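Trainee: I would like a close look at a single part of this model. Please take one strand, go through its surroundings, and then place it against the rest of the chain.

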Amino acid sequence: MERVRGGADPLVAGSHRHERALEEDQSTEFEESEILRDSLVIYGGLLTLIVLLFSFLRRRCPRIYNIRSWIDDLKTDLAANDQFGFFSWLFQVYVVTDDEIMQECGLDAACFVRLIQMGYRLSLVGIFNALWLLPVYLTAEDSSETESVSDRVVRTTVAHVPSSSPRLYATVIAAYILFGYTMYYTLEEFEWYTEMRHKFLRRPRARHHTIFCRNIPKEYQSSESLSEFFKQCFSDDAVLEATVPLQIPNLSRLVAQRSATLAKLEHAVAILGRKGVRPRHITVSGRNVDSIDHFTRRLDEQNHSVSTRIALLEEVSKGGFKSNIADIEVSSSEYPDMALDPFESEAVIDESNQMTEGGNENEGLLTKSISSVFSLVAGSFIQRDDYSDGPLDEPTGRNGGVVEIDSLPSPEPRSETRTIPIEFEESADLEQIGGEEGLKENESLSLLKNEGRAFSESLDKPERSNRKSIMSRSIGTVHKATSMATKASTNVAKSAVTNVAKGATFAASNVARGATFAASNVAMTAMVSASKVSSIAQSMILGEEGRPYSSGFVTFSKLSTANAALQMVQHTKPFAIDIIDAPAPQVSKRSSTTSQNVRCANNFPHQEPMTTQDVFWFNIGREHRDLQIGMIISCALTGGLCLLWTVPMSFFASLSNASAVREDFDWLDDIFDRYPKLIPLLEQLAPFLVVIFNTILPNILEYITMFEGPFSSGRVAASLFVKLSAFMIIQTFFVSAISGSVIQAINAILADWSQIIDLLANALPAQGTYFMQILLVSTTTSAGMELLRPIPIASAALRTYIGPNLTEKERNKSYMGLRPLCDPKEFEHADYTSQLVLYFMCLFVFAVISPILPVITAFCFAFMGAMFRQQFIHIYPKFPDSGGKLWANFIQIMLSCMFIAQVTIFGLLGLKKGVKQLPLYIPLMCITVLFNLYIRQNHFRVARYLPTRECLKADLARDFSTIFERGAYVQPQLKADKEVQPDSCPSTQGNMTDEEQFILH
């Protein structure tokens, strides 16, 4: 009671405040015209400023805004012969034909700008409908349910049409016109796409003649067996090459370490050339060493290690060894007494000799042969003491990727690095065992011993000129040892059987049987031991490396054969030998180094090619079970993220109508009372927050997509596009539209539940203004980021101060994610194409219920068409190019968007109680479903594959086998240069001694 006397009752005060807010909100509830006007002024002004600034800078700064005119690997005649004027570039880029864009920018780029053109033409149809829809909606008779619709923009929508009004027939007719033309135009575009796609597939490219096989059975998991399988399926001359990738983690590490050493050596030489002082550094072990000498020795070691390991892996891939590593495991289980540890080899042989009394003398040759191979191979790959110190920032042990004794299997732990000497023991008298054959084997062993000693001596003087001969001799010696061991085992078997047979003629039958059995054991043991020589040597050198993946690539000589293989079932077991079209094998990377020794800025030559591949080798070996689990994880994470994304999208949609939100939150009502200018600010900020927040999505969803095990960037883009499109439809459109509509009418709904249908029917069309804002913001921000390029400029500016920059080669390399101007990032097709889904979705839904929106979309599509054509011609590289696959994915999603939009309009007509109009509208939905089913039957398949007749024409016109480069689908590490040397820098050679000049050359 005292509180009531002391002042007004807070409940009463709150009730009065709520009533006052309702009264004030009656005039501001549908102020869409002011919001749209402010948006046009703000974002239209920003867009004009961006265009003016870009038009001025594009001629003043061609190195920034016309990259494809000065980088050799990116050069195109369209960019080099740029004659566009200050403003005329907006129109003249449309003169460039689709064929020219496909040739110079790629089919993906041509398809993307074609989709923009499609959106522009559909917007024109929407504008045509607006010419007669606007008068119909504006002149609708007043009624009690539309008396609150006073805003001029909202009065142009179907919200101003009373329920059960005959004017709703206009909505149905406009829907028939828009969606009917969309279906007709889609068929026309399919003809264009099919023609362009077939032009792309006819090109003599390795990817068009190659298939990718997944889940290959174990019996075909080698290049030779996979090639033989497809030769049996087609013909002997049908297969040009088959490649089964290998597990090469150690080689990958060695190549990466060698590249780092090469960069450090080049940097040290650059310091010498610029300052005239030989740089020094402190190693991890605390030694102060000359950097040039240190890195030169390291590079020599790493060159030798890489070249030797590549040679061995090439033998594994070709099947040059008697047994591959996979065979070793099987043989070990069959013969458990055969140890794989090279340091236990002598013990193993002694045990085998104990199997029979008569076998000790005969197996002496085999023992020496295996010992020789082990000593030779081990001595070839052991790290030497002279170069054991590592450079700064590199750990000690396993220096430079060279195999140390610690990395070899050993029966007892070893902590010190030491060299294994190459020694050979004297062999037994072979003449007593095998006669003339044994004498020949003795001569072969002597030759092997001499070569082993020569090889050991050559390691003490690792001159660069001897490296190739050293490597070749090591491999050749392994082969000779293998051959010699095999011959020895044969002689052992023959001699044993002959001696036993002679003795058996004078012995009892039971003794003969026992002796024969013993001889058989000796022969079997000898043969098994011989077959293990090369396998044990290979296992000792490569360890677990060299195992084949369950995937592979097969290249065919004819395009027709490759096309047939893509569409055929290759195995009776489901998922076995699953055939997929192959990605691009190797693409020139446009940056500081290229395979043709091109010269980047300032004519600086580069030796070692730097290429990018469309193949994700780390996912090539994923098994079917892992892929299925990864797909489930990806779907679960995407669904969870979609649910979480509802919260910010709903909040941002509520900010678009701040006057309605203030009534739900008292604290916001107090803030808006104090600062009323915050209301229009938040209403303009809401769509901007939606666009900015959506820029985070591609990075998150791309990370999720990698769980699916994609083997190429094209597969990532396709999966990422589907996810982003789903988010655009579900979150950006529906969640925003529904939450905005409900929040807008929430107070009236709470006051009178019976008015919910009428209120939602009026609130949903009013959301068109909010989506106009989103489209304007998206177009403006894209223009600012694309045309002015602030992020690439900032990245290039930071790159000039961060990272090695002494030489032109160093300056032209990316460092820690910072890219120089000559290394532009690829166009994000999945991201930008998914944004077009939102444009199309808004157009399909609001073109017939809010006729002003097609005017906004037509302007956005026209500007984006000019902007992206400009960027494709002058900025973005042509590769990677998936061949327009995203176009087909987009059309499939667009057809779904059409049906979703029709269902939305159907619901709106139901809310408007259009009982007479709904029966006329339902056939349109049925036609759309039938069209969807019709076009999915064969149109996508015809566009995906090249017809047989076209394939045969292409095969007759050229012989692909004469232009095909072998090893196109070999892993980059296996194709790496076996010996790399630092580049010769002309600006530093004058200050170098003869020794440094020799190092560089």
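**Strand 1 and its surroundings**

Mentor: Strand 1, residues 210-214, is mostly covered, with five of its five residues buried. Bear in mind that this is a predicted model. Neither face of the strand is left open: Thr210, Phe212 and Arg214 are buried on one side, and Ile211 and Cys213 are buried on the other.

Next, the pairing. Strand 1 runs antiparallel to strand 5 (residues 552-556), and four bridges join the two. Within strand 5, Thr555 is the bridge partner of Thr210. Strand 1 also runs antiparallel to strand 6 (residues 578-581), again with four bridges. There, Cys213 has Ile579 as its bridge partner.

Now the side chains. Phe212 forms an aromatic pair with Phe711; the ring centres are 4.4 Å apart and the planes make an angle of 35°, a tilted arrangement. The two partners are 499 residues apart, and the pair links distant parts of the chain. Phe212 belongs to strand 1, while Phe711 sits in the loop between helix 25 (697-705) and helix 26 (713-744). Both Phe212 and Phe711 are buried.

Just past the strand comes Asn215, in the loop between strand 1 and helix 10 (223-233). Asn215 is not a glycine, yet its phi is positive, at about 60°. Most residues other than glycine have a negative phi. Asn215 counts as buried because its relative accessibility is 13%, and the cut-off for buried is under 20%. Ser164 makes a useful comparison: its phi is near 60°, also a positive value in a residue other than glycine. Ser164 lies in the loop between helix 8 (107-138) and helix 9. With 46% relative accessibility, Ser164 counts as partly exposed.

As for hydrophobic packing, the largest nonpolar core has 150 residues. Phe179, Phe844, Phe868, Phe872, Phe890, Ile891 and Met894 have the most contacts inside it. Helix 9 (residues 168-202) gives this core its largest share, 15 residues. Another core, of 17 residues, lies apart from it; among its members are Ile211, Phe229, Phe230 and Leu566. Ile211 is one of the buried residues of strand 1, which ties the strand to this second core.

Back in the largest core, Met894 shows what the contacts look like. Neighbours within four places in sequence aside, Met894 is in contact with Met118, Thr182, Thr186, Phe840 and Phe844. Phe844 also belongs to a cluster linked by ring pairs, together with Phe179, Phe721, Tyr839, Phe840, Phe861 and Phe890.

In the structure as a whole there are 44 aromatic pairs. One of them joins Phe86 and Phe87, whose ring centres are 4.8 Å apart with planes at 90°, so this pair is edge-to-face. Phe86 is partly exposed, at 41% relative accessible area, and Phe87 is partly exposed at 39%. The Phe212 and Phe711 pair, by contrast, has both residues buried.

Two further details lie outside the strand. Phe879 and Pro880 are joined by a cis peptide bond, with omega about 0°. Pro880 is in the loop between helix 33 (853-874) and helix 34 (885-911). Lastly, Arg63 lies over the face of Trp70, 3.9 Å from the ring centre.

Conventions: Residues numbered from 1 in each chain as written. Predicted model: local features only at pLDDT ≥ 70, side-chain atom pairs only at ≥ 80, totals over all residues. Heavy atoms only, no water. Buried < 20%, exposed > 50% of the residue type's maximum accessible area, 1.4 Å probe, protein only. Pairing = 2+ DSSP bridges. Core = buried A, V, L, I, M, F, W, Y, C linked by side-chain atoms within 4.5 Å. Contact = heavy atoms within 4.5 Å. Phe/Tyr/Trp six-rings, centres within 6.5 Å; stacked < 30°, edge-to-face > 60°. Lys NZ or Arg CZ within 6 Å of the ring centre and 35° of its normal.
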